[in-house]
Amino acid sequence: MSNGSEGATPGFLVWRLSMKWRVAVDRAVAPLGLTHAQYSLVASLYGMHRAGLRPSQRRLADHTGLEALYVSKLARGLESAGLLERTRDPKDPRAVQLALTDRGKEVTRQAIQVVQGLLRQLLEPLGGLDSPRTEAFTRDLATLLDAPLDPFSTTDHETEQS
């Protein structure tokens with residue numbers, strides 16, 4: 001554990017790791033004209049497209065964990081850059097569907113390769129991408145992401161003090 005991490009809370013470590021990852025991805029995808037947030041959008045869209053989906057902005061927001069308004073702003077910028085197409089959903093005229101352009105697919109493939117290299121570096125201390133420690137770490141992260149988190153609910157500790 002690094003010196004700055006001794007005695008740190010899990011919340012602080014999650015924040016630090018997320019910031020470390022965000023900064024690294026931002027730097028890595030910048031030569032492709034992307035930011036980390038844009039990358040998360042196009043990479044998710046790429047994966048959903050490969051699964052035969054053409055998601056709405058709302059569905060992509062839910063998938064990425066980004067606010068719908070932010071996804072809309074990112075999508076407009078990516079559309080202006082020629083990487084993404086936004087069209088009205090024929091089944092729901094209020095919804096906007098997203099799809100990568102051919103150029104968007106190519107840029108996204110390149111970005112995914114770059115980020116996969118970063119991921120291999122990040123997970124090396126755990127034994128690599130396919131190691132048992134990485135698999136356990138991934139399960140733990142998924143468990144934490146699936147846990148409800150309501151900043152307005154009272155904790156047991158607060159209830160006990162009342």
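This section describes the overall fold of a predicted model and then a helix contact, an aromatic pair and selected residues.

The chain contains 7 helices and 2 strands. Counted from the N terminus, these elements follow the order α-α-α-α-β-β-α-α-α. Along the principal axes, the C-alpha atoms occupy a box of roughly 55 × 40 × 25 Å. Of the 162 residues, 30% are classed as buried. Among contacts in the chain with a separation of 6 or more, 45% involve residues 24 or more positions apart.

Two of the helices, α2 (residues 36-50) and α3 (residues 57-64), pack against each other. Two packed helices are described by the angle between their axes and the distance between the axes. For α2 and α3, the angle is about 110° and the axes lie 10 Å apart. Since angles of 65 to 115 degrees count as roughly perpendicular, the two helices are therefore assigned to that class. On the α2 side, the contact is formed by Ser-40, Leu-41, Ser-44, Leu-45 and Met-48. Helix α3 contributes Arg-59, Leu-60, His-63 and Thr-64. By residue type, the contact of α2 with α3 comprises 4 nonpolar, 4 polar and 1 charged residues.

Ser-44, one of the α2 residues in this contact, also serves as a reference point for the N-terminal segment. Gly-7 is located in the segment before α1, and its C-alpha atom is 35 Å from that of Ser-44, at a sequence separation of 37 residues. Gly-7 has a relative accessible area of 79%; because values over 50% count as exposed, Gly-7 is placed in the exposed class.

A search of the whole structure returned 1 aromatic pair. The pair consists of Phe-12 and Trp-15, with a centre-to-centre distance of 6.0 Å and an angle of 40° between the planes, and is classed as tilted. Both residues belong to helix α1 (residues 10-29), where they are 3 residues apart, or about one turn of the helix. Phe-12 has a relative accessible area of 35% and is partly exposed. Trp-15 is likewise partly exposed, at 48% relative accessibility.

Further along the chain, Gln-97 lies in strand β2, which spans residues 92-100. The relative accessible area of Gln-97 is 15%; because burial is assigned under 20%, Gln-97 is counted as buried. Beyond its neighbours within four places in sequence, Gln-97 is in contact with Arg-54, Pro-55 and Ser-56, and also with Glu-85, Arg-86, Thr-87, Arg-88, Asp-89 and Pro-90.

Thr-101 occupies the loop between β2 and α5 (102-123). With a relative accessible area of 15%, Thr-101 is buried. When neighbours within four places in sequence are set aside, the contacts of Thr-101 are with Gly-82, Leu-83, Leu-84 and Glu-85. Glu-85 thus appears in the contact lists of both Gln-97 and Thr-101. The side chain of Thr-101 also reaches the backbone nitrogen of Gly-104, at 2.9 Å. Thr-87, one of the residues in contact with Gln-97, is 14 residues from Thr-101 along the chain, and the C-alpha atoms of Thr-87 and Thr-101 are separated by 12 Å.

Technical notes:
Residues are numbered from 1 along each chain as its sequence is written. This is a predicted model: local features need pLDDT of at least 70, side-chain atom pairs count only at pLDDT 80 or more; totals for chains, interfaces and linings use all residues. Side-chain values use heavy atoms; hydrogens and water are left out. Rings of Phe, Tyr and Trp (its six-membered ring) pair if their centres lie within 6.5 Å; planes under 30 degrees apart count as stacked, over 60 as edge-to-face and the rest as tilted. Helices (H or I, at least four residues) and strands (E, at least two) are DSSP runs, numbered from the N terminus. Buried means under 20% relative accessible area, exposed over 50%, partly exposed in between (1.4 Å probe, protein chains only). Contact means heavy atoms within 4.5 Å. A polar contact is a pair of N or O atoms within 3.5 Å; within protein, one must be able to donate a hydrogen and the other to accept it, and residues adjacent in sequence count only if both atoms are side-chain atoms. Axes are lines fitted to C-alpha atoms, for helices over the stretch in contact, and angles run from 0 to 180 degrees between N-to-C directions. Angles under 35 degrees count as roughly parallel, over 145 as roughly antiparallel, 65 to 115 as roughly perpendicular and the rest as oblique. Ala, Val, Leu, Ile, Met, Phe, Trp, Tyr, Cys and Pro count as nonpolar, Asp, Glu, Lys and Arg as charged, and the others, Gly among them, as polar.
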